[in-house]
Amino acid sequence: MPFRNSTNIVIVVVALSLQISSANSSSESFSRNMSFSSTPPPTKKLKSEESSSNSNQAPFLSPPQGAHSLNTMNESNSTSQIGHGSDSSNEQKESVKSLMLREAGYDIDAPSNTKKRQNYLDWDDYFMGVSFLSAQRSKDPEIQLGACIVDEDNRIVGIGYNGFPRGCSDECLPWASIDEKGRDLHTKHPFLCPAEVNAILNKCSADVKGTRMYVAGIPDNVAAKTIIQAGISEIVYLNEPGDDDSTRASRIMFEMSGVKLRRYEANAISPLDFSKIEGKQCKATSSGLEPTLASQNDAIKHRDLLMKEASFDPKKGKVRKREEYLSWDDYFTAVAFLSARRSKDPNTQVGCCIVDSNKCIVGIGYNGFPRGCSDEHLPWARVADSELHKKYPYVVHAEVNAILNKGSKDVKGASLFVALFPCCECAKVIIQAGIKEIVYLSDVVSSGTHSHFSLKVSLIFLLTFSFSVEYSTMKQTHAGQVGLCSKWLD
């Protein structure tokens, strides 16, 4: 199937070189100024059929978003299982050492061993990053807010951002925060859904009881009531809480109901910066097609409805929607890149994001060892005398982790966003899971499991099972920025 050029798509992804130095910026200024950028190579798509959805048809909610468990193992596996001085941890380490020597002839204490990557995102940094990244989908011209819900297994089970309800036109409804004549129906407030509520409604799990939510600031009293009723047990917030009546009411209800409030503290080694992210954002664009007759008719109906019920003429509104929001492809790709920052692999960090037909994220993963397998003691080397002394027999790829971490019943008909073209082993799992589209950034290979042979076999698999190929040109947002893929593909 030939490659097809697709213009007007701009990739905005997480910059790798930033460091958290201050976590006290206001949610409004942060949301306005935050921009994820890099210099990625062209993006290609494999898909079984053209998607008919566009930014107007897709639900405004941040893709699910929900969902995702990204890890191959909990942080506690590498920190508490082995080597902290206690008798039990020492015994466990000796047990692992004996196991590796017996089965692989590998000494976990050898000084020449390749160590795991140290500057990976910790869980709080990652989840707060997802929250702020999701905010970049918002069309609100004044403030963009996101929310990320996480279960006890560190799986993302809900994501949302502030915006109008599904099917309610962000071209017609008012975006003004204040009307000079005091007309409430000429402002956004009666129509806007908070990010926290959208995250709960976008859940991909059966419920969100006992989960924690990551947000920019303490939710207002409207969102707080929904949070409490949904059973969320902890709120992790970034900014200093205000003293307005809405925030006070939220604190009262949270304390009465037993919902814990915890101020987010940035990890010193985290590569994300919530105060210094700056620069121009890229404007999200659609397919470039002219408005259809159906969309024009809908616009006329929406305008007539607003004129009848609110005496509001959208054409005369002074405040328009924000135009610099992330497109869907940019957003999903950025989630995959951000998730890759959780990987402990010192050479290659790959993230994966699975999205259903409703533009909801239903699975996220990154490359790493299986759950319960210590990333402190299994080998991370790419080159060694023995295959069992290399990482390859043990590492689970991002694509497989994303599928296994799915929060939905299945991933049939979904799209998969990933940095590196899947290997043949991942391709088999992708096909069997029923995924119909792959969006990737590069097919560059060097060594290991991503050999040219592996990619050829993978491509044969995918094309045999009705995948077509689309080539999308991704534009660079900042000249001179360090590209994300160069290190990933080593």
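**Entry 1: helix α11.** I began with helix α11, residues 424–433, and looked up which of its residues are buried: Cys424, Cys426, Ala427, Ile430, Ile431 and Ala433. I keep in mind that this is a predicted model. A general point helps me read such a list: an α-helix has 3.6 residues a turn, so residues three or four places apart point the same way. Just after α11 I came to glycine 434, which takes a positive phi of about 90 degrees.

**Entry 2: the whole chain.** Next I stepped back for an overview. I found 13 helices and 13 strands in the protein chain. The chain has 490 residues, and 54% of them count as buried. I then looked at contacts between residues at least 6 apart in sequence, and 77% of these join residues at least 24 apart. For the surface, I noted that the chain exposes about 21700 Å², with carbon and sulfur atoms supplying 51% of that area.

**Entry 3: the cores.** Which residues touch the most other members of the largest nonpolar core? I found Tyr126 and Ile156, in a core of 33 residues. I also checked which elements give two or more residues to this core: the helices are α4 (123–135) and α9 (328–340), and the strands are β4 (146–150), β5 (155–161), β9 (351–355) and β10 (361–366). Apart from this core lies another, of 21 residues, and among them are Val350, Ile354, Val396 and Ala433. Ala433 was familiar to me from Entry 1, as one of the buried residues of α11.

**Entry 4: α4 and α9.** Both helices had come up in the largest core, and I wanted to see how they meet. Their axes come within 10 Å and cross at roughly 165 degrees. An angle over 145 degrees counts as roughly antiparallel, so that is how I describe α4 and α9. The crossing of α4 past α9 is right-handed. On the α4 side, the contact is made by Tyr126, Gly129, Val130, Leu133 and Ser134, and α9 brings Tyr331, Ala334, Val335, Leu338 and Ser339. I met Tyr126 earlier, in the largest core.

**Entry 5: α6 and α7.** My last stop was helix α6, residues 221–230, which packs with helix α7, residues 245–257. At what angle do α6 and α7 pack? I noted about 15 degrees, with the axes 8 Å apart. Angles under 35 degrees count as roughly parallel, and α6 and α7 are therefore roughly parallel to each other. α6 passes α7 in a right-handed crossing. From α6, the residues in contact are Asn221, Ala224, Lys225, Ile227 and Ile228; from α7, they are Ser246, Ala249, Ser250, Met253, Phe254 and Ser257.

Definitions and conventions:
Residues numbered from 1 in each chain as written. Predicted model: local features only at pLDDT ≥ 70, side-chain atom pairs only at ≥ 80, totals over all residues. Heavy atoms only, no water. Core = buried A, V, L, I, M, F, W, Y, C linked by side-chain atoms within 4.5 Å. Buried < 20%, exposed > 50% of the residue type's maximum accessible area, 1.4 Å probe, protein only. Helix = DSSP H or I, 4+ residues; strand = E, 2+ residues; numbered from the N terminus. Contact = heavy atoms within 4.5 Å. Areas by Shrake-Rupley, 256 points an atom, 1.4 Å probe, with all protein chains shown as cover. Axes fitted to C-alpha atoms, helices over the stretch in contact; angles between N-to-C directions. Parallel < 35°, antiparallel > 145°, perpendicular 65-115°, else oblique. Left-handed = near helix turned anticlockwise from the far one by under 90°.
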